[in-house]
Amino acid sequence: MHQDPLGTLSRYPTVTLSHSPTPLEALPNLSRHAGGANIWIKRDDCTGLALGGNKVRKLEYYVGEARAQGADTLLITGAVQSNYIRMTVAAARRCGMDCHVQLEERVASPDPNYRNSGNVLLDRLMGATIHSYPVGEDEAGADRNLHRIADSLRAQGKSPYVIALGPGGKQLGALGYVHAARELHRQLAGRDLTMDEIVVATGSGQTHAGLLFGLRALGHTLRVTGICVRRNAKLQYPRVRDLFGKISSLLEIASPATEADIHLDDDFLAPGYGKLNPATLRAIQAAAQSEGILTDPVYSGKSMAGLLHRAQALVQTPGPEKNVLFIHTGGAPSIFAYEPELTGALEGSSAV
Ligand SMILES: Cc1ncc(COP(=O)(O)O)c(C=O)c1O
């Protein structure tokens, strides 16, 4: 009998939190607008939990482990407008757990919408206990502080589970996207579809590396382009590479993905994490106005800008009609946190 190359995935306990498989759809209007390859979309913005997004696939593994350990409280740290935090609070609520979240001041924004609307409003609505971490980009310091909060909860008799996101952790969440690769493989096979390229946002890199690992294990050789949303390509590259090693250890199989599989584009990152740029703004409008697809200034708007660029680049290569697949990782709630910038830009009064 044919052996499943990803069979060891099932060793890990999971909790079902997502609506999956997520839809795989054609975007003919956006394809016409881009004037390049045929654009397809996998709707991981529609994963269901508290407005959806890619993080729920990772949370299925983290919460699975938390439950197996008898935890009663989830802890996570992230940017003020983190989608991960919003979805972790929702996952905790769904599983009858408490949730402590730490909001890091990574984006210097004077706008009250950034602090109060979008994801933060939803965190509050779901009753998260919110801690503030005032330092900007300080991954290690933020992690240490989160563990201090966990220690104080333990001292109060609670059983906390820290969702460890730093590169030193075992990167359990990446398994969510190995699993998603298998889901996509089945969808493509079922519809007799072939993609020439996949475009996806790359932040921690778990989505990007998990997908690549899973697709290569299943025999797909297509290019996967990661659009940098958090740090430049030079810094992102070793993160994605090291994730292959982590996933390989978790699944106890040799990595089918190599350094040569890592394609990164950081042209849409400027002026930095969580900050809009003109190409992203144009891409957000193009997706919204041609297809009613909502993307955000921090993540999916930037990867959408990268997608439009890659769709045009792909048709320059010889051969039959090309297909490019956009993994929509979600993030739309933060649109409301960027209301002044978006309104200003739409009215033509902004420098974006
Ligand atoms: C909407 C959205 N897209 C993409 C990403 C990046 O995903 P990853 O951290 O797996 O690279 C994130 C998280 O940071 C996100 O919230």
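The legends below describe close-up views of a predicted model. Residues are numbered from 1 along each chain as its sequence is written, and side-chain values use heavy atoms, with hydrogens and water left out. In this predicted model, local features need pLDDT of at least 70 and side-chain atom pairs count only at pLDDT 80 or more, while totals for chains, interfaces and linings use all residues.

**View 1. The shell around the ligand.** The ligand is surrounded by 15 residues, a residue being counted if one of its heavy atoms lies within 4 Å of the ligand, and the closest are Lys55, Lys58, Ser204, Thr207 and Thr329. At least three residues of this shell come from each of domain 1 (7–53 + 171–346) and domain 2 (55–162), with bounds from an automatic or database domain assignment.

**View 2. Polar contacts of the ligand.** Each pair described here consists of N or O atoms within 3.5 Å. A side-chain N or O atom of Thr207 lies 2.6 Å from an oxygen atom of the ligand, a polar backbone atom of Gly205 is 2.9 Å from a ligand oxygen atom, and for a polar side-chain atom of Asn83 the distance to an oxygen atom of the ligand is 3.0 Å.

**View 3. Backbone features away from the usual pattern.** Most residues other than glycine have a negative phi, and most peptide bonds are trans. Leu51, which is not a glycine, has a positive phi of about 80 degrees. The peptide bond from Ser20 to Pro21 is cis, with omega near 0 degrees, and another cis peptide bond joins Ala270 and Pro271, where omega is about 0 degrees.

Methods: A polar contact is a pair of N or O atoms within 3.5 Å; within protein, one must be able to donate a hydrogen and the other to accept it, and residues adjacent in sequence count only if both atoms are side-chain atoms.
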